[in-house]
Amino acid sequence: MRRLRRAGIESPRLEADLLLGHVLGCSRAELLARPERPAPVECAAAFEAALLRRLRREPIQHILGRTEFWSMSFRTDARALVPRPETELLVQGALEFLAGRAGGEPPAIAEIGVGAGAVILALARELPSARLYASDVSCEALALAAENARLHGVRERVRFLEGDLAAPYLQAGLAGRLDLVLSNPPYIPSGDIAGLQPEVREYDPRVALDGGGDGLAIVRRLLKDAAVLLRAGGGMILELGLGQPAAMGGIAAVHGWRVERVLRDHRGIERVVAMRVV
Ligand SMILES: C[S@@+](CC[C@H](N)C(=O)[O-])C[C@H]1O[C@@H](n2cnc3c(N)ncnc32)[C@H](O)[C@@H]1O
């Protein structure tokens, strides 16, 4: 624990337990219930190896190989950004948006920049009849998302597409056929990346973070390109960085969108913006 604390890990006790549970193949609850349980000798070397990775500030989710999101377990590794708890707001925003939709056909939903797949797969669970599409410019991320879809038994329900923003949907003939586009795009200003936590700076893929000079380069391209994918009455929901939702009304209007709703995270910070084409 001392070594973890010295390395700057915020919750050394919790993380030591998680690493030990991982090596012993048991949950943290089981570990705490039987602290006297003897550990096989070979576990000591495995624990030390896991600890060394964490001391180098590799994300604990990479070492454990999984994370929880929307009460589901997802495989996580260096191929894609580790899904963050605040991104659950994107799922919530999508469900609320679709709840207000007039009946008829099941909704068609696309996530641009799917990463490890947590958002679209949470929606697959919540909306059993929805038609689901997910894309990414990174084929490594798409491979991980497809593995997660298989783990959750919904690989056949999600159509994965590789390519830049709206382009793969246009190629697939989906112009004007979607009810909702979702994205948690890269939104960190390039110059801020060097100052991020090592877990993010060194281990999340750069393509998942870098939003250009002011952080909004990809967001502007999405605003310009995504409207053509939507049916009448369709919308787009974006997760944004600190302070960015406040600027979104003006930027969205320039590209023909109206911001309808802004969702705040548990700290009261504006995070997710829902909009429609004017
Ligand atoms: C912040 S991550 C979000 C990952 C996942 N949706 C989540 O919320 O955990 C952004 C994702 O967008 C992808 N991406 C970046 N630029 C892109 C582009 N031009 N077209 C499509 N996807 C892109 C990255 O590869 C990355 O997987």
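How far is a nitrogen atom of the ligand from an N or O atom in the side chain of Glu111? The gap is 2.8 Å, and that contact is a good way into this structure. What you're looking at is a predicted model, where local features need pLDDT of at least 70, side-chain atom pairs count only at pLDDT 80 or more, and totals for chains, interfaces and linings use all residues. Residues are numbered from 1 along each chain as its sequence is written, and side-chain values use heavy atoms, with hydrogens and water left out.

**Around the ligand**

- Besides Glu111, a backbone N or O atom of Leu165 sits 2.9 Å from a nitrogen atom of the ligand.
- The protein buries 95% of the 600 Å² that the ligand exposes when taken alone; such areas come from the Shrake-Rupley method with a 1.4 Å probe, and for residues only the protein chains shown count as cover.
- For Val137, a polar backbone atom is 3.3 Å from a nitrogen atom of the ligand.
- There are 18 residues around the ligand, and Glu111, Gly113, Asp136, Asp164 and Asn184 come nearest; a residue belongs here if one of its heavy atoms lies within 4 Å of the molecule.
- That shell divides into nine nonpolar, six polar and three charged residues. Here Ala, Val, Leu, Ile, Met, Phe, Trp, Tyr, Cys and Pro count as nonpolar, Asp, Glu, Lys and Arg as charged, and the others, Gly among them, as polar.

**Helix α13 and its two sides**

- Helix α13 covers residues 244–254, and Gln244, Pro245, Met248, Ile251 and Ala252 are buried there. Helices (H or I, at least four residues) and strands (E, at least two) are DSSP runs, numbered from the N terminus.
- Those buried residues are on the same side of α13 because they cover an arc of only 100 degrees around the axis; the arc is that of the directions from the helix axis to the C-beta atoms.
- On the other side of α13, Ala246 and Val254 are exposed. Buried means under 20% relative accessible area, exposed over 50%, and partly exposed in between (1.4 Å probe, protein chains only).
- What do the buried residues of α13 pack against? Their partners are α12 (217–225), β8 (257–264) and β9 (270–277).
- After α13 comes Gly256, which has a positive phi, near 90 degrees.

**Two arginines, Arg53 and Arg57**

- Arg53 is in helix α4, residues 42–55, and is partly exposed, at 30% relative accessible area.
- Setting aside neighbours within four places in sequence, Arg53 is in contact with Glu58, His62 and Ile63, where contact means heavy atoms within 4.5 Å.
- Arg57 is in the loop between α4 and α5 (60–64). With a relative accessible area of 13%, Arg57 counts as buried.
- Beyond its neighbours within four places in sequence, Arg57 is in contact with a list of residues including Ala7, Gln197 and Tyr203.
- The backbone oxygen of Ala7 is 3.1 Å from a polar atom of the Arg57 side chain.
- From C-alpha to C-alpha, Arg57 and Gly249 are 37 Å apart in space, and 192 residues apart in sequence.

**Asp17 in helix α2**

- Asp17 is part of helix α2, residues 12–24, and is buried, at 7% relative accessible area.
- The Asp17 side chain makes a polar contact with the side chain of Arg28, at 3.1 Å. A polar contact is a pair of N or O atoms within 3.5 Å; within protein, one must be able to donate a hydrogen and the other to accept it, and residues adjacent in sequence count only if both atoms are side-chain atoms.
- Not counting residues up to four places away in sequence, Asp17 touches Arg28, Leu31 and Leu32.
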